[in-house]
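Q: Please take a close look at one part of this model. Keep to a single site and the elements around it, and tell me how they connect.

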Amino acid sequence: MSAAPRPISEIASFHAHIYYDPATSRSDAERLRAWMAERFSVTLGRWHDVKVGPHDQAMYQVAFAPELFAELVPWLMLNHGGLSILVHPNTTNPRRDHLVDPLWIGQPLAVHGNKLPEQAEREPAPAPNTDPVARA
Ligand code: ZN
């Protein structure tokens, strides 16, 4: 342990990676994406129907500000519908963010840390690009 705890201000933003199987659960992932778009000020990333970067299954990324965590993450716990979701902080160490410090909703999956840098620029909270029409 270090002499002092890490301050929460290290966290510039969060990602939730929504994993799915293109053959069997893409429609579940589509429904969850639509539900989130209607309810939360998040930035929805592109669909990746094939493995990309450190991820071991098809997925899309959801970026959100720390202020949204307490509302979005419990909602995902109740509504993931069996999909695996990786929620990780964005600090300056992507490898640690994904491998050491994340939380999983649903079944945990492999994450290939050798494809993640140990040093990166802070990724600031995204400007919401959705237009929520309903609250959770
Ligand atoms: Zn991420």
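**The zinc site and strand β1**

A: The residues that donate to the zinc ion follow the spacing H-x1-H-x70-H in sequence. H17 sits in strand β1 and H88 in strand β4, so this pair ties together parts of the chain that are 71 residues apart. Note that the model is predicted.

Now the atoms. Zinc is coordinated by ND1 of H15, NE2 of H17 and NE2 of H88. The distances run from 2.0 to 2.2 Å. H17 and H88 are both buried. Buried here means a relative accessible area under 20%.

Next, the strand that carries H17. β1 covers residues 13–19. Seven of its seven residues are buried, so β1 is largely enclosed by the rest of the structure. Its side chains alternate between two directions. S13, H15, H17 and Y19 point one way. F14, A16 and I18 point the other way. Both zinc-binding histidines of the strand, H15 and H17, are thus in the set shared with S13 and Y19.

What does β1 pair with? It has antiparallel pairings with β4 and with β3. β4 spans residues 85–90, and six bridges join β1 to it. Within that pairing, I18 stands opposite I85. β4 is also the strand that holds the donor H88. β3 covers residues 59–64. Six bridges link β1 and β3. There, F14 has F64 as its bridge partner.

Now step back to the segment before β1. Side chains of opposite charge can pair when their charged atoms come close. R6 lies in this segment and makes a salt bridge with D101, 2.9 Å from N to O. D101 is in the loop between α3 (94–99) and β5 (103–105), and the two residues are 95 apart in sequence. Partly exposed means between 20% and 50% relative accessible area. R6, at 38%, is therefore partly exposed. So is D101, at 30%.

A second bridge starts from the same segment. E10 pairs with R96, and their closest N and O atoms are 4.0 Å apart. R96 belongs to helix α3 and E10 to the segment before β1, so the bridge ties together parts that are 86 residues apart. At 29% relative accessible area, R96 is partly exposed. E10 is partly exposed too, at 22%. These pairs belong together: R6, E10, R96 and D101 are linked in a network of salt bridges.

One more bridge lies beyond the strand. R26 and D49 form a salt bridge with closest N and O atoms 3.0 Å apart. R26 is in helix α1 (residues 26–39), while D49 is in the loop between β2 (43–44) and β3, so parts that are 23 residues apart are tied together. R26 counts as partly exposed at 22%, and D49 does at 37%. The model has nine salt bridges in total.

To recap, β1 is buried along its seven residues. The strand pairs antiparallel with β4 and with β3. Zinc is held by H15 and H17 together with H88. The segment before β1 adds R6 and E10, both of which take part in the salt-bridge network.

Key. Residues numbered from 1 in each chain as written. Predicted model: local features only at pLDDT ≥ 70, side-chain atom pairs only at ≥ 80, totals over all residues. Heavy atoms only, no water. Salt bridge = Lys/Arg side-chain N within 4 Å of Asp/Glu carboxyl O. Helix = DSSP H or I, 4+ residues; strand = E, 2+ residues; numbered from the N terminus. Buried < 20%, exposed > 50% of the residue type's maximum accessible area, 1.4 Å probe, protein only. Pairing = 2+ DSSP bridges. Donors = N, O, S within 2.8 Å, 3.2 Å for Na, K, Ca; no water.
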